[in-house]
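Subject: Structure handover

Hello,

Here is the structure I promised to pass on. Please open it first, then read my notes alongside it.

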Amino acid sequence: MNEPSKIVKTIASIIFPFITVYGLYIIVHGHLTPGGGFQGGAITASGIVLLLVAFGSAEIAKKIKESHLSILESIGALSFISLALLGLSATFFYNFLAGSNFIFGRIPPFGSNPGDMNTGGVLPLMNISVGLKVIAGLSAMVLALALFARLKRGRKGVRKK
Amino acid sequence: MIYNIPYMASAILVIVGLYAVLFKRNLIKIAIGITVLESGVNLFLITLGYRENAVAPIYTNLPEGTSIPEGMTLPVPQALTLTSIVIGVAVLALILSFAVKIYQHYGTLDSREVRRLRE
Amino acid sequence: MNKIAILIAFVIFSCALISTTLILRPFGEPESTDMDDYIIKNAQNETGANNAVTSVVFDYRGFDTLGEATVLFTAVAGVLAVLRRYAHE
């Protein structure tokens with residue numbers, strides 16, 4: 001009951017890369033297919049929670065520290081705001097990369113077309129920063145809940161009224 | 001009358017969630033009731049923007065013969081529902097963390113006995 | 001006595017909710033506004049993305065997404081502040 005069996009650990013560590021690749025695919029192709037930053041971030045965070053459930057919170061807490069996750073989340077939020085402020089030449093959230101020939105600046109032809117990755121303007125960069133923020137935030141929340149519940153078992157009884 | 005079934009389904013979800021919030025005593029059951037209530041509101045928001053026999057407003061590999069403004073569903077209610085779902089997740093996380101702290105302090109999860117403001 | 005009052009108010013509210021869904025617009029015929037027609041026709045030209053929903057979330061209504069990211073950040077900060085463990089416990 002305390003330690004999960006070997007079958008659960010093996011299957012969880014086999015299937016974890018596939019979940020991560022699938023989640024990152026949905027984040028990056030957010031401007032061509034249904035999906036985007038929030039959805040792909042939730043999928044990848046559920047992959048990390050699968051590892052947390054299979055291996056127990058004591059082993060995962062040695063590899064992933066909460067301060068690293070906090071730094072990743074702050075990087076995601078700051079890059080989202082700086083991408084919004086960089087288009088301040090016209091308005092606050094101006095799409096300054098669509099139409100220019102920098103990196104994501106092609107305009108697709110009107111109507112149905114197979115999607116091209118080069119389009120989108122500032123949208124794929126915003127998708128990646130929001131996805132990073134959601135991954136780090138959801139993993140930190142579940143890790144904090146698991147570690148706190150583990151600590152509660154070691155106290156000298158709870159206070160009854 | 002038979003064509004308003006999605007609206008009636010979301011009304012039933014709101015009624016079930018409201019019953020769980022008003023008449024149950026356990027804190028975890030109240031949290032589940034809040035989640036069901038919020039799911040009903042999201043369902044209502046997204047069925048407001050449906051057109052009959054229409055496809056999603058995405059231009060990648062459209063099926064043949066869809067007219068461009070009239071054959072697609074409205075994109076703005078879908079964007080508002082995305083925001084509402086994320087806010088529901090945030091509220092549920094805070095409710096559950098408070099429930100864990102209350103159980104550690106009082107020893108019980110009954111909502112009639114955790115009423116004191118000062119201990 | 002208190003429970004009976006709450007029960008009566010709940011029954012009246014649920015009847016009002018169900019009877020409202022019978023007089024709404026029929027399902028599948030929304031009122032076509034100018035804003036949605038403009039967004040569907042010009043989203044590829046101005047934003048450069050194939051997905052109209054993502055361009056609404058991040059480009060036409062990017063300010064709401066900024067507020068939502070702030071709510072998510074506040075929730076994570078609140079959970080990590082409540083469930084804190086100290087070394088001397």
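Let me begin with the core. The largest nonpolar core has 49 residues, and the members that touch the most others are Ala140(A), Met141(A), Ala52(C), Val56(C) and Val79(C). Please keep in mind that this is a predicted model.

Which helices supply at least two residues each of this core? From chain A, they are helix 2 (37–55), helix 4 (66–85) and helix 5 (123–152). Chain B sends helix 3. Chain C sends helix 2 (34–46), helix 3 (52–60) and helix 4. Helix 5 of chain A gives the most, with twelve residues.

A second core is separate from this one and has five residues. Tyr7(B), Ala11(B), Val14(B) and Ile15(B) are among them.

Now look at Ala52(C). Leave aside its neighbours within four places in sequence. Ala52(C) is then in contact with Pro57(B), Ile58(B) and Pro75(B) in chain B. In chain C, Ala52(C) is in contact with Ile39(C), Ile40(C) and Ala43(C).

**Helix 4 of chain C**

Try this helix next. Helix 4 of chain C covers residues 62–82, which is 21 residues. How far apart should its ends be, at 1.5 Å a residue? The expected span is 30 Å, and the end C-alpha atoms are 31 Å apart, which agrees. The rule multiplies 1.5 Å by one less than the number of residues.

Which residues of this helix are buried? They are Gly62(C), Thr65(C), Glu68(C), Ala69(C), Leu72(C), Ala75(C), Val76(C) and Val79(C). Seen down the axis of helix 4 of chain C, the buried residues fall within an arc of 130 degrees, so they line one face of the helix. A general point helps here. An α-helix has 3.6 residues a turn, so residues three or four places apart point the same way. On the other side of helix 4 of chain C, you will find Phe63(C), Gly67(C), Thr70(C), Thr74(C) and Ala81(C), which are exposed. Val79(C) is one of the buried residues of this helix, and Val79(C) is also among the core members that touch the most others.

**One residue to click on**

Find Asp37(C), which sits in helix 2 of chain C. Is Asp37(C) buried or partly exposed? Asp37(C) has 15 other C-beta atoms within 10 Å, so Asp37(C) is partly exposed. The cut-offs are 20 or more for buried and 12 or fewer for exposed. Leaving aside neighbours within four places in sequence, Asp37(C) is in contact with Pro69(B) and Ser32(C).

**Where the chains touch**

Start with chains B and C. Their contact takes 40 residues from chain B and 35 residues from chain C. On the chain B side, helix 1 (5–23) and helix 3 (76–106) each supply at least two residues. Helix 3 of chain B gives the most to that side, with 14 residues. By type, the chain B side has 30 nonpolar, seven polar and three charged residues.

Chain B also touches chain A. Here the contact takes 16 residues from chain B and 18 residues from chain A. The chain B side divides into nine nonpolar, six polar and one charged.

**The chains one by one**

Chain A has five helices and zero strands. A compact globule of 161 residues would have a radius of gyration near 15 Å, but chain A has 21 Å. The C-alpha trace of chain A spans about 65 × 35 × 30 Å along its principal axes. In chain A, 33% of the residues count as buried. Take the chain A contacts between residues at least 6 apart in sequence: 66% join residues at least 24 apart.

Chain B has three helices and zero strands. The radius of gyration of chain B is 20 Å, where a compact globule of 119 residues would have one near 14 Å. The C-alpha atoms of chain B fill a box of roughly 70 × 35 × 20 Å along the principal axes. Buried residues make up 18% of chain B. Of the chain B contacts with a separation of 6 or more, 53% are between residues 24 or more positions apart.

Chain C has four helices and zero strands. The radius of gyration of chain C is 23 Å, against a value near 12 Å for a compact globule of 89 residues. The C-alpha trace of chain C spans about 60 × 55 × 15 Å along its principal axes. Buried residues make up 31% of chain C.

Best wishes

Note on methods:
Residues numbered from 1 in each chain as written. Chains lettered and ligands numbered in written order. Predicted model: local features only at pLDDT ≥ 70, side-chain atom pairs only at ≥ 80, totals over all residues. Contact = placed C-beta atoms within 7 Å. Nonpolar A, V, L, I, M, F, W, Y, C, P; charged D, E, K, R; others polar. Rg over C-alpha atoms; globule rule 2.2 N^0.38 Å. Arc of directions from axis to C-beta. Core = buried A, V, L, I, M, F, W, Y, C linked by C-beta atoms within 7 Å.
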